[in-house]
Amino acid sequence: MARYKLLLIVKMCCLLFISATYCQEKRLDEKHLLTLYQAQNFGEAASYLEKFYKEGLVNTKILESLAFSNKMAGNYIQAKKYYEELLQEDENSISILSNLAGINFQRGDYGKATEYYQKILALHSMHIASY
């Protein structure tokens with residue numbers, strides 16, 4: 001009987017160890033991301049970052065990196081999606097508004113780009129790039 005209890009305890013410890021090892025949350029390798037940026041592999045960087053993105057959970061660092069990578073890769077629709085998520089967290093961010101304005105301008109949506117530039121000017125009337 002004691003032998004079975006000991007065996008059961010050993011099995012439970014093994015299962016706990018295995019689950020703790022394999023169920024750990026993935027961590028972003030910033031060195032790898034920087035290497036991708038330096039090589040200007042923005043599409044690959046966006047694909048790498050997607051592994052760490054969970055819809056509904058706000059991680060501004062991941063969202064900012066996803067938005068930037070997609071924008072630099074020319075994936076304006078994806079970049080816009082991520083910048084809009086960031087804007088929900090900080091609606092007065094000149095950086096986010098400026099990126100959204102630039103994306104809309106690049107896509108030919110001049111009306112929407114103007115709206116974002118006007119929001120920037122309302123927040124910071126001396127923002128030269130918005131004129």
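Here are legends for three close-up views of this predicted model.

**View 1. Lys 61 and Glu 30 pair up as a salt bridge.** Zoom in on the closest N and O atoms of this pair and you'll find them 2.2 Å apart. The two partners come from distant parts of the chain: Lys 61 sits in helix H4 (residues 60-72), while Glu 30 belongs to helix H2 (residues 30-38). Along the chain, that puts them 31 residues apart. Neither side chain is hidden away: Lys 61 is partly exposed, at 43% relative accessible area, and Glu 30 is partly exposed too, at 46%. A search of the whole structure turns up 2 salt bridges, and the other partners are up next.

**View 2. Glu 115 and Lys 112 make a salt bridge within helix H7 (residues 110-123).** Here the closest N and O atoms lie 3.6 Å apart. The two residues are separated by about one helical turn, because they are 3 residues apart in helix H7. As for accessibility, Glu 115 is partly exposed with a relative accessible area of 39%, and Lys 112 is partly exposed with 29%.

**View 3. Phe 52 sits in the loop between helices H3 and H4.** Helix H3 covers residues 42-50, so to speak the lead-in to this loop. Is Phe 52 buried or exposed? It counts as buried, because its relative accessibility of 16% falls under the 20% cut-off. Look also for Ile 62, which is 10 residues apart from Phe 52 along the chain. The C-alpha atoms of Phe 52 and Ile 62 are separated by 7.2 Å.

Note on methods
Residues numbered from 1 in each chain as written. Predicted model: local features only at pLDDT ≥ 70, side-chain atom pairs only at ≥ 80, totals over all residues. Heavy atoms only, no water. Salt bridge = Lys/Arg side-chain N within 4 Å of Asp/Glu carboxyl O. Helix = DSSP H or I, 4+ residues; strand = E, 2+ residues; numbered from the N terminus. Buried < 20%, exposed > 50% of the residue type's maximum accessible area, 1.4 Å probe, protein only.
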